[in-house]
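Biologist: Could you walk me through this one, please? I am new to it and would love to take it a question at a time.

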There are 2 protein chains.
Amino acid sequence: MKLYTYFRSSAAFRVRIALALKGVAVEHIPIHLRRGDQVARDYAAVNPQRFVPALDTGTTVLTQSLAIIEYLDETVPRPPLLPPGPEGRARVKALAQIIACDIHPINNLKVMMYLRDVLKVADADATAWSRHWIGEGFTALERLLAESPETGRFCHGDSPGLADICLVPQVYNAGRVGCPLDAYPTIRRINAACLELEAFSGAWPDRQPDADL
Amino acid sequence: MKLYTYFRSSAAFRVRIALALKGVAVEHIPIHLRRGDQVARDYAAVNPQRFVPALDTGTTVLTQSLAIIEYLDETVPRPPLLPPGPEGRARVKALAQIIACDIHPINNLKVMMYLRDVLKVADADATAWSRHWIGEGFTALERLLAESPETGRFCHGDSPGLADICLVPQVYNAGRVGCPLDAYPTIRRINAACLELEAFSGAWPDRQPDADL
């Protein structure tokens, strides 16, 4: 399988973690988003949305990180990334989607470029924008994690899963925009527990072959 | 079950369609987002993120529309909203997530209020913002739908599912911001096919008891 990836993309970071947790080795094909590799015609043929990640399974190309991760979970069942019962699955997916739907898309590279280039938003206001949406999402996430008996060492119980896979890249992004994390002790604790695992720390942006920092 | 809903919320619209397709009747509890019902303390106790929809199943409260819909699909299997095979499931989820992750969150009420109230973006520029992200997402979606042999009367085959459930509310939103749809004939065709079904047309915002237009 081939993974189209960019070291700093949160969504690609998620899929790198999931592949590592499943023990699935893939060829990495870097698509440098800041240099505009994604607008080249041959990448649009791979993924018409021109986003990373995309996973070429050999028979089809899968896009959208959550869809890819759930596909991996169905086709490579061990270790599971979602709990067995419908309520637990819905909880983990909701935690993941707070990040993947309500925080990350509002702060991604494309949106930040539109704010700066089209709307002429000043750098300080653009940074405040990122911190605002991360803060809103993390406030809800912290409460959902801290108040639930289902939270364990990780977001759901004591093994890492889909929600943790979304959490760690978002904490990385929060660090990049200087978003204070003092108010989110549970998020910080789970992030630290994840980063003790090679599947998470090895997927870290700065450790990717295409990293140009 | 109780559904916390707002007539104009795309995400609540999705869950209303899914419930209707499954033939599940629920009590509707309107949360008027423009009037700020969601900031009242008793709603934050239901959903710490203070978003709609939230589905109170009697034993737990589920949040995030895609997580809720997949929970319904697991607990009320007929008719299925996702295809049986992992690749088909991944395709439908990716189509849904293009809308639910990459279009809708960037244009929702909260974000538009921040653009206008905090960043002082002019109304015309805010409208252009909405049209831009809908256009980007719909361009990719149109191509993915038009070029795939798996697209049928609906987004995947000839029965409605998760992707259609996301498509119709997003087309409704596109209409509200005057986004031209001429370039998206497949999206328009599928939207029209969906709206022939009472499950979709009955979930329409203007037909909800809490609609104040």
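Biologist: How many salt bridges does the rule find across the interface of chain B and chain A?

Modeller: Happy to help, and please keep in mind that this is a predicted model. One bridge to look at joins B:Lys93 and A:Glu70, with the closest N and O atoms 2.5 Å apart. That lies within the 4 Å allowed for a salt bridge. Across the interface of chain B and chain A, the number of salt bridges found is eight.

Biologist: Which element gives the largest share of the side of chain B that touches chain A?

Modeller: Besides the salt bridges, there are 14 residue pairs in polar contact across the interface of chain B and chain A. On the side of chain B that touches chain A, the elements giving two or more residues include α2 (41–46), β4 (61–63) and α3 (65–75) of chain B. The largest share there is 11 residues, and they come from α4(B).

Biologist: What area do chain B and chain A bury between them?

Modeller: The size of an interface is often given as the accessible area lost when the parts come together. Here the contact takes 46 residues from chain A and 46 residues from chain B. Of the buried area, 63% is on carbon and sulfur atoms, and the total is about 4,100 Å².

Biologist: Why does the aromatic pair of A:Trp133 and B:Tyr114 join two chains?

Modeller: The rings of A:Trp133 and B:Tyr114 are 5.4 Å apart centre to centre, with 50° between the planes, which makes a tilted pair. A:Trp133 is buried, and B:Tyr114 is buried too. The pair joins two chains because A:Trp133 lies in helix α6 (residues 123–146) of chain A, while B:Tyr114 lies in helix α5 (residues 109–117) of chain B.

Biologist: Is B:Arg91, which forms a salt bridge with B:Glu150, buried or exposed?

Modeller: In this salt bridge the closest N and O atoms of B:Arg91 and B:Glu150 are 3.9 Å apart. The pair links distant parts of the chain, 59 residues apart: B:Arg91 is in helix α4 of chain B, and B:Glu150 is in the loop between α6 and α7 (162–176) of chain B. B:Glu150 is partly exposed, with a relative accessible area of 40%. For B:Arg91 the relative accessible area is 14%, so this residue counts as buried.

Biologist: How many residues apart are B:Arg153 and B:Glu196?

Modeller: The side chains of B:Arg153 and B:Glu196 meet in a salt bridge at 3.0 Å, N to O. B:Arg153 is partly exposed at 39% relative accessible area, whereas B:Glu196 is exposed at 61%. B:Arg153 sits in the loop between α6 and α7 of chain B and B:Glu196 in the loop between α8 (185–195) and α9 (198–201) of chain B, and their separation is 43 residues.

Biologist: Which side chain of opposite charge is nearest to B:Asp56?

Modeller: B:Asp56 is in strand β3 (residues 54–56) of chain B, and its side chain reaches the backbone nitrogen of B:Gly58 at 2.9 Å. B:Asp56 is buried yet has no salt bridge. A salt bridge needs the atoms within 4 Å. The nearest side chain of opposite charge is 4.7 Å away, and it belongs to B:Lys2.

Technical notes: Residues numbered from 1 in each chain as written. Chains lettered and ligands numbered in written order. Predicted model: local features only at pLDDT ≥ 70, side-chain atom pairs only at ≥ 80, totals over all residues. Heavy atoms only, no water. Helix = DSSP H or I, 4+ residues; strand = E, 2+ residues; numbered from the N terminus. Buried < 20%, exposed > 50% of the residue type's maximum accessible area, 1.4 Å probe, protein only. Lys, Arg positive; Asp, Glu negative; His and termini not counted. Polar contact = N/O pair within 3.5 Å; in protein donor to acceptor, adjacent residues only side chain to side chain. Phe/Tyr/Trp six-rings, centres within 6.5 Å; stacked < 30°, edge-to-face > 60°. Contact = heavy atoms within 4.5 Å. Buried area = accessible area lost by both parts, 1.4 Å probe.
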